[in-house]
Amino acid sequence: MRKYCDSMGMMHMSLTLLDGDGNEIFTYAPEDYQWWITGFDPSHQDVDAGDLTVIGSIDFSDNPELWEAFLAKYGVEVQKKRLHFWWMR
């Protein structure tokens, strides 16, 4: 089996995309650890990015050193080393 990236930085992650009315376009929440997640739904084209909301999570529980580096850089205060974020333009 080939590995294409270092697995030490992999964590549980999730990603949801909502349209401007709050309707779910997609949700991706894999059970396996991930290095990066992304997603799209080809049935939703020509959508203005300003009408979209991204909701995601990153669970740093198994990677305390990365958690501490993240806190030092961004100053976020979150309990249980799980970051939930919402991004709206």
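Visitor: How much space lies in the largest pocket?

Guide: This is a predicted model, and in it the largest pocket holds about 220 Å³ of space.

Visitor: Which residues line the largest pocket?

Guide: Its lining is made up of Met13, Ser14, Leu15, Trp36, Ile37, Thr38, Ser57, Ile58 and Phe85. By character, six of these lining residues are nonpolar, three are polar and none is charged.

Visitor: Which strand gives the most to that lining?

Guide: That is E1, with three residues. Strands E1 and E3 each supply at least two residues of the lining.

Visitor: How many bridges pair E1 with E3, and in which sense do the two strands run?

Guide: Seven bridges link E1 (residues 12-18) to E3, and the pairing is antiparallel. To see one place along it, look at histidine 12, which stands opposite aspartate 59 of E3.

Visitor: Is E3 largely enclosed or open, and why?

Guide: A residue is called buried when its relative accessible area is under 20%. Six of the seven residues of E3 (residues 53-59) are buried, so the strand is largely enclosed by the rest of the structure.

Visitor: Back to aspartate 59 in E3: is aspartate 59 buried or exposed?

Guide: Compare its value with the cut-off of 20%. Aspartate 59 has a relative accessible area of 13%, so it is buried.

Visitor: Which side chain does aspartate 59 join in a polar contact?

Guide: The partner is serine 61: the two side chains make a polar contact of 2.6 Å. Aspartate 59 thus brings several features together: a place in strand E3, a position opposite histidine 12 and a side-chain contact with serine 61.

Notes: Residues are numbered from 1 along each chain as its sequence is written. This is a predicted model: local features need pLDDT of at least 70, side-chain atom pairs count only at pLDDT 80 or more; totals for chains, interfaces and linings use all residues. Side-chain values use heavy atoms; hydrogens and water are left out. Buried means under 20% relative accessible area, exposed over 50%, partly exposed in between (1.4 Å probe, protein chains only). Helices (H or I, at least four residues) and strands (E, at least two) are DSSP runs, numbered from the N terminus. Two strands pair if DSSP finds at least two bridges between them. A polar contact is a pair of N or O atoms within 3.5 Å; within protein, one must be able to donate a hydrogen and the other to accept it, and residues adjacent in sequence count only if both atoms are side-chain atoms. On a 1 Å grid over the protein atoms alone, a cavity is a set of points where a 1.4 Å probe fits but cannot get out, and a pocket is an open set with protein on both sides within 12 Å along at least five of seven lines; lining residues have an atom within 4 Å of a point. Grid points are joined across faces, edges and corners, and a volume is the space filled by probe spheres set on the points. Ala, Val, Leu, Ile, Met, Phe, Trp, Tyr, Cys and Pro count as nonpolar, Asp, Glu, Lys and Arg as charged, and the others, Gly among them, as polar.
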